[in-house]
Amino acid sequence: MGDHKEQPLRVGAAVRRRRRALELTLAVVAERSGLSVPFLSQIENERARPSTSSLEKVADALRTTAVELLAAADPACSVDVVRADDPEPATPGPRARSLVRGHHQMHAQEFTGDHDAGREFQYRNDQLMYVADGAVEIEAEGRAYRLGRGDTLYLTGGVRHRWRATVSDTRLVVVAVAEHIEAVQDRRP
């Protein structure tokens, strides 16, 4: 018996986020799409499921594609368990294991061992790094931070950083707001 069940996507929130990001009213989207304001409101509030044709009209009105709206859609209420003993590909050396399956507003990964310490990361949204076991050194904003078991480091979106394990069998958990979410306001001066 599996712990994961596919749930239907809730596209309404993705439509609302896109419309608001473009600073459009429902009336403007209705005019552009040829759909009624009440119907668009029902879509955004998950009281109506648009047909493929209607979703394409909405996507065109929002200057995107139906595929992009579906990719940004929220899954319906769901519960998913990722077991520690779920089969993973047997690979020697460092491993990365996803702790969240599917397309969600949050991503989490567990890194075991070391990885390419020269690789630099920069995420659009905020993230939290938690050392479950071992120790790491993280370089961010020109400073080095040494973290041991139980320590966390919070990085706001846009911070360039790199990390390396300083103890063998280190386990680092990285939790981040998904890249498709517009969670960070423009930080430009």
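**Group meeting: strands, salt bridges and a buried helix face**

Good morning. I begin with strand β8, where the side chains alternate: Leu153 and Leu155 point to one face and are buried, whereas Thr152 and Tyr154 point to the other face and are not buried. This follows a general pattern, since in a regular strand the side chains alternate between the two faces of the sheet. I should state at once that what we are examining is a predicted model.

Strand β8 has a partner in β5, and the two pair in the antiparallel sense over four bridges. One position in that pairing can be named: the bridge partner of Tyr130 in β8 is Thr152.

Let me place these strands in the chain as a whole. The protein chain contains five helices and ten strands. Of its 189 residues, 35% are buried. Its accessible surface comes to about 11,800 Å², and carbon and sulfur atoms account for 50% of that surface. As for contacts between residues at least 6 apart in sequence, 66% of them join residues at least 24 apart.

I turn now to charged side chains. How many salt bridges does a search of the whole structure find? The search finds eleven. I shall discuss three of them.

The first for discussion joins Arg149 and Asp133, with the closest N and O atoms 3.2 Å apart. This pair links distant parts of the chain, 16 residues apart: Arg149 sits in the loop between β7 (143–148) and β8 (152–155), and Asp133 belongs to strand β5, residues 127–133. The two partners fall into separate accessibility classes. Arg149 has a relative accessible area of 64% and is therefore exposed, the threshold being over 50%. Asp133, with a relative accessible area of 25%, is partly exposed.

The next pair is Glu137 and Arg164, whose closest N and O atoms are 3.8 Å apart. Here too distant parts of the chain are linked, with Glu137 in strand β6 (residues 135–140) and Arg164 in strand β9 (residues 161–165), 27 residues apart. Is Glu137 buried or exposed? Its relative accessibility is 18%, so Glu137 counts as buried, the limit being under 20%. Arg164, at 34% relative accessibility, counts as partly exposed.

A further salt bridge is formed by Glu139 and Arg162, and the closest N and O atoms of this pair are 3.6 Å apart. Because Glu139 lies in strand β6 and Arg162 in strand β9, the pair ties together parts that are 23 residues apart in sequence. Both residues count as partly exposed: Glu139 at 40% relative accessibility, and Arg162 at 25%.

Beyond individual pairs, salt bridges that share partners join Arg97, Glu110, Asp133, Arg149 and Arg171 into one network. Asp133 and Arg149, the pair with which I opened this part, are thus among its members.

Asp133 also leads us to Thr170, a residue in the loop between β9 and β10 (171–177). Thr170 has 1% relative accessibility and counts as buried. What is Thr170 in contact with, once its neighbours within four places in sequence are left aside? The list is Phe111, Thr112, Gly113, Asp133, Gly134, Ala135, Val136 and Ala165. For Ala135 there is a polar detail to add: its backbone oxygen lies 3.2 Å from a polar atom of the Thr170 side chain.

I close with the helices. In helix α2, residues 26–33, the buried residues are Leu26, Val29, Ala30 and Ser33. Viewed down the axis of α2, these residues fall within an arc of 105°, so they line one face of the helix. The cover over them includes α1 (12–21), α3 (37–44) and α4 (52–61). Just after α2 comes Gly34, which takes a positive phi of about 80°.

Two of the covering helices, α3 and α4, are joined by a loop that holds Pro50. This proline counts as buried, at 18% relative accessibility. Not counting residues up to four places away in sequence, Pro50 touches Val11, Phe39, Ile43 and Leu55. The C-alpha atoms of Pro50 and Gly12 are separated by 9.1 Å, although the two residues are 38 apart along the chain.

That concludes the presentation. Thank you.

Note on methods
Residues numbered from 1 in each chain as written. Predicted model: local features only at pLDDT ≥ 70, side-chain atom pairs only at ≥ 80, totals over all residues. Heavy atoms only, no water. Buried < 20%, exposed > 50% of the residue type's maximum accessible area, 1.4 Å probe, protein only. Arc of directions from axis to C-beta. Contact = heavy atoms within 4.5 Å. Salt bridge = Lys/Arg side-chain N within 4 Å of Asp/Glu carboxyl O. Polar contact = N/O pair within 3.5 Å; in protein donor to acceptor, adjacent residues only side chain to side chain. Pairing = 2+ DSSP bridges. Areas by Shrake-Rupley, 256 points an atom, 1.4 Å probe, with all protein chains shown as cover.
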